[in-house]
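Open the structure in your viewer and keep the selection tool at hand. The tour moves from one selection to the next and says what is found at each stop.

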Amino acid sequence: FGAGEVSLSFDSGTTFGGAVGYEYADSPFRIELEFAYRSADAADLPPAVGSGGDFASTSLMLNGYYMFDTPSTLRPYAGLGIGTATEIDFDIEGGGNAGEYSDRGNFAYQVMIGAEYPVSNRISIYGEARYYSVGSVTLKGPGGQVMRTDYDTVDLNAGIAFKF
């Protein structure tokens, strides 16, 4: 849009998600289908762009994991995922560029490393770092305006896994 090239920084944001998967018996591999939502507020948005903003996405990913064998109960893992960014949007508040800029259906990938700790036979807690990328996207906004941007996040996640 009319502001030209602008570099933005974002506050730390939130990530929520859920997954359903399968852990192969007597194997270090597991797979899952995951849905996730990510959001972060723009920090120090230039007045030429707007007075505030929020960058968010939803994704549907197919992930594969390798669980490393260790002598302890802590199980480190590494994983890769591919899928689609079901929506990416940048909501700009105030100014001449106000509105929602969005796109759908972009290829996405992610890389994960983490560890899980079994609390019982059916419940584990985990912590992980995740790099998620959609690469360069073109977001369409109000009045035919477009925004070209890269969308990459680094997420630090913690959660609970239930095994059935």
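The stops below cover a surface patch, a pocket, a loop residue and several salt bridges.

**Before you start**

Keep in mind that this is a predicted model.

**Stop 1: the nonpolar patch**

Select Leu33, Phe35, Leu60, Leu62, Leu80, Ile82, Phe107, Tyr109, Val111, Tyr131 and Val154 together, and show their side chains. They form a nonpolar patch on the surface, with a combined accessible area of about 1100 Å². Now colour strand E3 (29-43), strand E4 (52-67), strand E5 (75-93) and strand E7 (106-118), which are the elements that give two or more residues to the patch. Which strand supplies the largest share of the nonpolar patch? That is E7, with three residues. Click on isoleucine 82 as well; this patch member sits in strand E5.

**Stop 2: the largest pocket**

Rolling a probe the size of a water molecule over the atoms shows where empty space is left. The largest pocket here has a volume of about 860 Å³. To find its centre, select Ala19, Glu32, Tyr126, Ile160 and Ala161, the closest to the centre among the 30 residues of the lining. Next, colour strand E2 (14-23), E3, strand E8 (123-140) and strand E9 (146-162): each supplies at least two lining residues. The largest share, nine residues, comes from E2. Sorted by class, the lining holds 15 nonpolar, six polar and nine charged residues.

**Stop 3: a loop residue**

From E2, follow the chain into the loop that leads to E3, and select alanine 25 there. Is alanine 25 buried or exposed? Its relative accessible area is 64%, so alanine 25 counts as exposed, the cut-off for that class being over 50%. For a sense of distance, add threonine 58 to the selection: the two residues are 33 apart in sequence, and their C-alpha atoms are 31 Å apart in space.

**Stop 4: salt bridges**

Side chains of opposite charge can pair when their charged atoms come close. How many salt bridges does the structure hold? There are nine.

Begin with arginine 104 and glutamate 87, whose side chains meet in a salt bridge with an N to O distance of 3.6 Å. This pair links distant parts of the chain, 17 residues apart: arginine 104 is in the loop between strand E6 (99-103) and E7, and glutamate 87 is in strand E5. Arginine 104 is exposed at 53% relative accessible area, whereas glutamate 87, at 19%, counts as buried.

Move on to lysine 163 and glutamate 116, a salt bridge in which the closest N and O atoms are 3.4 Å apart. Here too the pair links distant parts of the chain: lysine 163 lies in the segment after E9 and glutamate 116 in strand E7, 47 residues apart. Lysine 163 is partly exposed at 25% relative accessibility, while glutamate 116 is buried at 4%.

Keep those two selected and add Glu23, Arg30 and Arg75. Together, Glu23, Arg30, Arg75, Glu116 and Lys163 are linked in a network of salt bridges.

**Stop 5: a buried pair**

Finish with glutamate 128 and arginine 130. Their side chains meet in a salt bridge, 2.5 Å from N to O. Both glutamate 128 and arginine 130 are buried.

Technical notes:
Residues are numbered from 1 along each chain as its sequence is written. This is a predicted model: local features need pLDDT of at least 70, side-chain atom pairs count only at pLDDT 80 or more; totals for chains, interfaces and linings use all residues. Side-chain values use heavy atoms; hydrogens and water are left out. Patches are made of residues with over 30% relative accessible area and no salt bridge: like charges are joined within 9 Å, nonpolar side chains (Val, Leu, Ile, Met, Phe, Trp, Tyr) within 5 Å. Accessible areas come from the Shrake-Rupley method with a 1.4 Å probe; for residues, only the protein chains shown count as cover. A salt bridge is a side-chain nitrogen of Lys or Arg within 4 Å of a carboxyl oxygen of Asp or Glu. Helices (H or I, at least four residues) and strands (E, at least two) are DSSP runs, numbered from the N terminus. On a 1 Å grid over the protein atoms alone, a cavity is a set of points where a 1.4 Å probe fits but cannot get out, and a pocket is an open set with protein on both sides within 12 Å along at least five of seven lines; lining residues have an atom within 4 Å of a point. Grid points are joined across faces, edges and corners, and a volume is the space filled by probe spheres set on the points. Ala, Val, Leu, Ile, Met, Phe, Trp, Tyr, Cys and Pro count as nonpolar, Asp, Glu, Lys and Arg as charged, and the others, Gly among them, as polar. Buried means under 20% relative accessible area, exposed over 50%, partly exposed in between (1.4 Å probe, protein chains only).
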